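Reader: I would like to learn how to read a structure with more than one chain, one feature at a time. Could you take me through this one slowly?

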Number of protein chains: 2
Amino acid sequence: MQIAIVLYDRFTALDAVGPYEMLCRTPGAETVFVAEQRGPVRNDTGSLALVADKTLDEVRRPDIIVVPGGPGQSGQMDNETLLSWLRTADASSTWTTSVCSGSLLLAAAGLLKGRRATSHWLALGGLAAFGAEATGERVVIDGKVITAAGVSAGIDMGLTLVGKVAGDEHAQAVQLLTEYDPQPPYDAGSPQKAPAHLVEEFRTNNRFILR
Amino acid sequence: MQIAIVLYDRFTALDAVGPYEMLCRTPGAETVFVAEQRGPVRNDTGSLALVADKTLDEVRRPDIIVVPGGPGQSGQMDNETLLSWLRTADASSTWTTSVCSGSLLLAAAGLLKGRRATSHWLALGGLAAFGAEATGERVVIDGKVITAAGVSAGIDMGLTLVGKVAGDEHAQAVQLLTEYDPQPPYDAGSPQKAPAHLVEEFRTNNRFILR
């Protein structure tokens, strides 16, 4: 089983590494970071670089595709090299997945038409514009397509997917090993729970980046 | 403000990237990945590499130190270059922090003697051997030292620290932006909650790695 995690300039690091950490111990699986070119790919703040070990061309038929989001997603919406790779890879994949605004890239590739899907809460409107049924849920499974909400939701998506490909017991072992027993110090992780003025500020500025 | 995240061979990726994603948007902060040498550093499974942008020598007085854990921690316990750097950096840091078995490196550097601290649940015994008061809590604050439990606990630690250095409102904005409203699909994230046979298997094999 081959798991391909797609990188592009200005992705959000946790979007990629959250599901990676859940999926990378799947028995018999090879997990590989891919991008148009091999080498370091910088994230949205520029202070982190993850290495793409293979090019998109070198990984044509992954069993699982993971597309992270991030501010850089907008710059990829008309990147036909990436969109065409997504279409081809999806044609033979077992699971096609995204985190955060990564679902907009799946949508731009035409893969979410008529499907239920989710995205970062600030990006749900964009998703609907591509003919997807946008929901505010944290993890949405529609057929072989799994989409996750913003950034940290990729951890929940990844663990859900581990359960599907390696069984509940392995998923529980991964959860135990990674001590995924979250205890956030605040309760502001969704637009329903956060202080209204913060939600409003993000909506007004449509800011994905804080600094 | 400078935030240094330490990398070494066979670290666990989410240990580093979890707190990174929370901390990297702190106003006025520079976040930098450091290692003995510049360049890609491979994680515990070998399928991920994060780039160290600066050497330890180039970052002598960070305001915040973050030390991730992982199977590679054991190989660093007598690395005097790293331990000496930790001691020097801690002497002028505002906050010295760790995730998972990273606390064993702080302990080996002599920084946890007499302090309350935590670690991965499989590593708590090792911590006590260095004269720390090991607790099973998820995030432990003792003076300027903050330690986190295994892997994903670094997210909770990072967000806690963001609140301390940038205020509660900024921390809530980060939580909202990263949609950190966890909904794990299983409830097996601690030895108290996971199926007993899984806990026992990890304890017997003392395995940090599943494959």
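Author: Let us begin with a term that we shall need throughout: a salt bridge is a side-chain nitrogen of Lys or Arg within 4 Å of a carboxyl oxygen of Asp or Glu. Please keep in mind that what you see is a predicted model. The general idea is that side chains of opposite charge can pair when their charged atoms come close. In this structure, the side chains of A:Asp187 and A:Lys193 form such a bridge, with N and O 4.0 Å apart.

Reader: How many salt bridges does the rule find over all chains, and how many of them lie across the interface of chain B and chain A?

Author: Over all chains the count comes to 28 salt bridges, and across the interface of chain B and chain A the rule finds 6. A:Lys193, which we have just met in its pairing with A:Asp187, also forms a salt bridge with B:Asp181, where the closest N and O atoms are 2.6 Å apart. A:Lys193 lies in the loop between helix 6 and helix 7 of chain A, while B:Asp181 lies in the loop between helix 6 and helix 7 of chain B, so this pair joins two chains. In the other direction, the side chains of B:Lys193 and A:Asp181 meet in a salt bridge of 2.6 Å, N to O. There is also a network of salt bridges that links A:Glu21, A:Arg25 and B:Asp44.

Reader: Is B:Asp181 buried or exposed, and what should I say of A:Lys193 and A:Asp187?

Author: The reasoning rests on cut-offs, for a residue is called buried under 20% relative accessible area, exposed over 50%, and partly exposed in between. B:Asp181, at 12%, therefore counts as buried, A:Lys193, at 41%, as partly exposed, and A:Asp187, at 52%, as exposed.

Reader: What does a salt bridge within one chain tie together, if we take B:Glu137 and B:Arg116?

Author: The closest N and O atoms of B:Glu137 and B:Arg116 are 2.3 Å apart. B:Glu137 is in the loop between strand 9 and strand 10 of chain B and B:Arg116 is in strand 8, so the pair ties together parts that are 21 residues apart in sequence. B:Glu137 is partly exposed at 36% relative accessibility, and B:Arg116 is partly exposed at 29%.

Reader: How should I describe the size of an interface, and what is the area buried between chain B and chain A?

Author: In general, the size of an interface is often given as the accessible area lost when the parts come together. Between chain B and chain A the buried area is about 6300 Å², and carbon and sulfur atoms give 59% of that area. On the side of chain B, the residues that lose the most area to chain A are B:Leu176, B:Glu179 and B:Tyr186, which together account for 13% of what that side buries. One can also count residues, and here 75 residues of chain B are in contact with 75 residues of chain A. In addition, 48 residue pairs are in polar contact across the interface, both partners being at pLDDT 80 or more. Among the elements that each supply at least two residues of the side of chain B touching chain A are helix 1, strand 2 and helix 5 of chain B, but helix 6 of chain B gives the most, with 10 residues. By class, that side has 38 nonpolar, 22 polar and 15 charged residues.

Reader: How many residues of helix 5 of chain B are buried?

Author: In helix 5 of chain B, 11 of the 14 residues are buried, so the helix is largely enclosed by the rest of the structure. The buried ones include B:Ile155, B:Met157 and B:Leu161. From its first C-alpha to its last, helix 5 of chain B reaches 20 Å, close to the 20 Å expected at 1.5 Å a residue.

Reader: What is the phi of B:Cys100, and where does B:Cys100 lie?

Author: The general background is that most residues other than glycine have a negative phi. B:Cys100 has a phi near 55°, a positive value in a residue other than glycine, and lies in the loop between strand 7 and helix 3 of chain B. With a relative accessible area of 2%, B:Cys100 is buried. B:Val151 likewise has a positive phi, near 40°, and is found in the loop between strand 11 and helix 5 of chain B.

How values were computed: Residues are numbered from 1 along each chain as its sequence is written. Chains are lettered from A and ligands numbered from 1 in the order in which they are written. This is a predicted model: local features need pLDDT of at least 70, side-chain atom pairs count only at pLDDT 80 or more; totals for chains, interfaces and linings use all residues. Side-chain values use heavy atoms; hydrogens and water are left out. Contact means heavy atoms within 4.5 Å. Buried area is the accessible area (1.4 Å probe) that two parts lose on being put together, summed over both. A polar contact is a pair of N or O atoms within 3.5 Å; within protein, one must be able to donate a hydrogen and the other to accept it, and residues adjacent in sequence count only if both atoms are side-chain atoms. Helices (H or I, at least four residues) and strands (E, at least two) are DSSP runs, numbered from the N terminus. Ala, Val, Leu, Ile, Met, Phe, Trp, Tyr, Cys and Pro count as nonpolar, Asp, Glu, Lys and Arg as charged, and the others, Gly among them, as polar. The expected span of a helix is 1.5 Å times one less than its number of residues. Buried means under 20% relative accessible area, exposed over 50%, partly exposed in between (1.4 Å probe, protein chains only).
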